[in-house]
Amino acid sequence: MFYFYCNGGMSMRWYRRYTQEMFVPVKIECDRCHKEYENTGNECLEYQEFVCIFIDGGYGSIFGDGSQLQCHLCQHCAKILFGEYLREAPEENENLNIIE
Ligand SMILES: [Zn+2]
């Protein structure tokens with residue numbers, strides 16, 4: 001078994017080599033609770049519900065111009081961290097905040 005660490009080991013997602021150029025994600029680790037979930041069996045539903053945040057900092061970004069940041073959170077930690085700020089998504093074209 002071969003695991004590929006994306007971003008030189010900084011990422012918390014593991015890949016298995018599928019072909020010479022193609023890798024398949026097999027496991028992910030939550031950046032908050034550090035629990036690992038396999039992309040197979042009983043854990044695959046948890047794997048699929050991960051919240052992955054990617055930030056590409058542009059000019060004026062408080063994270064730094066050109067910064068590339070990421071965060072992988074299991075759904076349980078995402079709910080703890082963001083739960084009070086989450087809201088139901090409106091239907092398409094419904095409840096649009098239109099500025100006249
Ligand atoms: Zn977690």
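Author: Two residues are in contact if their C-beta atoms, placed from the backbone, lie within 7 Å. The structure above is a predicted model: local features need pLDDT (the predictor's confidence in each residue, from 0 to 100) of at least 70, side-chain atom pairs count only at pLDDT 80 or more, and totals for chains, interfaces and linings use all residues. Residues are numbered from 1 along each chain as its sequence is written.

Reader: Thanks! Where in the protein is confidence lowest?
Author: Happy to start there. The mean pLDDT of the protein is 82, with 87% of its residues at 70 or more. Helix H2 (residues 75-82) has the highest confidence, at a mean of 94, and the lowest, at 41, belongs to strand E1 (residues 3-5).

Reader: How many contacts does the stretch of residues 1-10 have beyond near neighbours in sequence?
Author: A word of caution comes with this one, because predicted coordinates should not be read in detail where pLDDT is low. Over residues 1-10 the pLDDT is below 50, and the number of such contacts in the model is 14.

Reader: In what pattern do the helices and strands follow each other along the sequence?
Author: Helices (H or I, at least four residues) and strands (E, at least two) are DSSP runs, numbered from the N terminus. The protein has two helices and six strands. Read along the sequence, their pattern is β-β-β-β-α-β-β-α.

Reader: Which residue in E3 stands opposite Trp-14?
Author: Strand E2 (residues 13-17) and E3 run antiparallel and are joined by five bridges; two strands pair if DSSP finds at least two bridges between them. A hairpin of five residues links E2 to E3. Opposite Trp-14 in E3 stands Lys-27.

Reader: Is His-34 buried or exposed?
Author: His-34 sits in the loop between strand E3 (23-29) and strand E4 (36-38). Although not a glycine, His-34 has a positive phi of about 65°. A residue is buried if 20 or more other C-beta atoms lie within 10 Å of its own, exposed if 12 or fewer, and partly exposed in between, with C-beta atoms placed from the backbone. His-34 has 10 C-beta neighbours inside 10 Å and is therefore exposed.

Reader: Which residues does Phe-50 contact, leaving aside neighbours within four places in sequence?
Author: Phe-50 belongs to the loop between helix H1 (44-48) and strand E5 (51-56). Because 19 other C-beta atoms lie within 10 Å, Phe-50 is partly exposed. Its C-alpha is 8.6 Å from that of Ile-28, a residue 22 places apart in sequence. The contacts of Phe-50 are Ile-28, His-72, Leu-73, Cys-74 and Gln-75.

Reader: How many residues of E5 are buried?
Author: In the protein, buried residues make up 10% of the 100 residues. E5 has six residues and lies largely in the open, because the number of them that are buried is zero.

Reader: Which residue is the bridge partner of Ile-53 in E6?
Author: E5 and E6 run antiparallel, with six bridges joining them. In E6 (residues 68-73), the partner of Ile-53 is Cys-71.

Reader: How far apart are the C-alpha atoms of Cys-71 and Phe-54?
Author: Cys-71 is partly exposed, because 16 C-beta neighbours lie inside 10 Å. Not counting residues up to four places away in sequence, Cys-71 touches Asp-31 and Ile-53. Phe-54 is 17 residues from Cys-71 along the chain, and their C-alpha atoms are separated by 6.7 Å.
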